[in-house]
Amino acid sequence: MLRWAMLLSCMSGYLNAQILPTHNPPNQKEWSTNPFSQKYFVENKGQWENNIANNTVLFTYDGQNEDFFFTQNGVQIELIKKKWKREEEEYEKDKKWEEEEFVLIEKKEHIYGEWLNVNKNVEIIPLEKNTFYSNYTIKKNEEITNISYIPTYNKILYKNIYPNIDIEYTLHPQGGFKYNIIVHPGGDISKIKWKYSKKSKLKNNTLYTYTKYGDIIDHSPFAYYASSRQPIHCNYILQNNTLSFQLDHYSPNETIVIDPWTQTPNFPSTNWDCVWECEKDGAGNVYIIGGTSPMQLIKYNNAGVLQWTYNTPYDTTSWLGTFAVDNAGNSYVTQGSVAQIQKVNTAGGLVWNNTSPVAMNSAEFWNISFNCNQTKLVVAGTSLP
């Protein structure tokens, strides 16, 4: 039970996922942030190889309970439900290994939504590039590969997805995504058609699409003239599970915006969606380990500005490990079981990856720290025998 007690102790200190740096350099203001509130699109540079409906993934939103994979003509929504194994099934404590009792179980469901009969030459343009970036360590052909400096954005524009019609995506702070359908003069609204891979129903001008974790809700669309924001009455039309839009008495010579919100199911907060540990380098920059799938290393500068996210190869298939940061800003991240360790530099790039650090049976790494002059890294853990 020692590891379980250590895990509870860790979680109890960080459940609210708030970061409050201490011992600040002179004249530095205090700050706080929630690392899971920052939402952005990440360009696919090879960290996602999967094709969806014969389309390559171009951009993603990588969340804790929902992922969105954007292709040339649609979006795959991945819903992720997390539960303790002890909540999922009955067990006899004296007949189960401790690590089996308290590991996290993830169940996923995929729903694909696509725009029908789109322009094959549609341009997908990222907008509002952020100053921070993402790094990933992935396994390709049994080899560990690091993909660094991947740009992140706040918007994605599908330009001319239909003739004279664009679609602009953003991420909604309350879950799901928003999209603006921008109809320029000459655009034919009747050509815009959307279809989910699961059955939908229309009620009170709101679209409901069933999933086993709750409905995906496409809220009643708000339409208006782009120049004046004068509203235009807009209705959904659902036929043969295909959604289209109907506008009343509008001028086809002006640019019109149709603005729906696709809201995904609201998962209850779990003890896994938290900051596990927080460290600081000699310049006051702050580093955290948080989340589960994957476990992420995130850096903020000493003013609280996000610098980068490093997505570790570690997830809940094994026990989460720990990490330490030296004065120069290098991070050392472990997997608890089976014991592994990585070194990540100040830019979030992988320096080395050691999958077999010690010649011990069933080695586990639970705590690491430097000696006083930071010439050695001391690792505490367990092994058999």
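**Figure 1. Residues 87-101, a low-confidence segment of the predicted model.** Throughout residues 87-101, pLDDT stays under 50. The model has 19 contacts beyond four places in sequence for this segment.

**Figure 2. Residues 1-22, where pLDDT also stays under 50.** For residues 1-22, the model has 51 contacts beyond four places in sequence. As context for the whole chain, the average pLDDT is 85, and 83% of the residues score at least 70.

**Figure 3. Strand β4 and its pairing with β1 and β5.** Strand β4 covers residues 59-62 and runs antiparallel to strand β1, residues 41-43. Two bridges join β1 to β4. Glu43 has Phe59 of β4 as its bridge partner. Strand β4 also pairs with strand β5, residues 66-70, again in the antiparallel sense. The pairing of β4 with β5 extends over four bridges.

**Figure 4. The hairpin between β4 and β5.** Three residues form the connection of this hairpin. Within the paired strands, Asp62 is matched with Asp67, its bridge partner in β5.

**Figure 5. The open sheet β26-β27-β28-β29.** Four strands make up this sheet, and their pairing is antiparallel. Its edge strands are β26 (319-325) and β29 (350-354), each of which pairs on one side only. On average, neighbouring strands of the sheet are turned by 15 degrees against each other, direction ignored. In a regular strand, side chains alternate between the two faces of the sheet.

**Figure 6. Strands β27 and β28 within the open sheet.** Strand β27 spans residues 331-337 and strand β28 spans residues 340-344. Five bridges connect β27 and β28, which pair in the antiparallel sense. The bridge partner of Ser331 is Val344, located in β28.

**Figure 7. Cys234 and Cys278, with their computed solvent accessibility.** Cys234 has a relative accessible area of 3%. This residue is classed as buried because its value falls under the 20% cut-off. For Cys278, the relative accessible area is 28%. Cys278 is therefore partly exposed, since buried requires under 20% and exposed requires over 50%. A search of the whole structure finds zero disulfides.

Methods
Residues numbered from 1 in each chain as written. Predicted model: local features only at pLDDT ≥ 70, side-chain atom pairs only at ≥ 80, totals over all residues. Heavy atoms only, no water. Pairing = 2+ DSSP bridges. Disulfide = S-S within 2.5 Å. Buried < 20%, exposed > 50% of the residue type's maximum accessible area, 1.4 Å probe, protein only. pLDDT = per-residue confidence, 0-100. Contact = heavy atoms within 4.5 Å. Axes fitted to C-alpha atoms, helices over the stretch in contact; angles between N-to-C directions.
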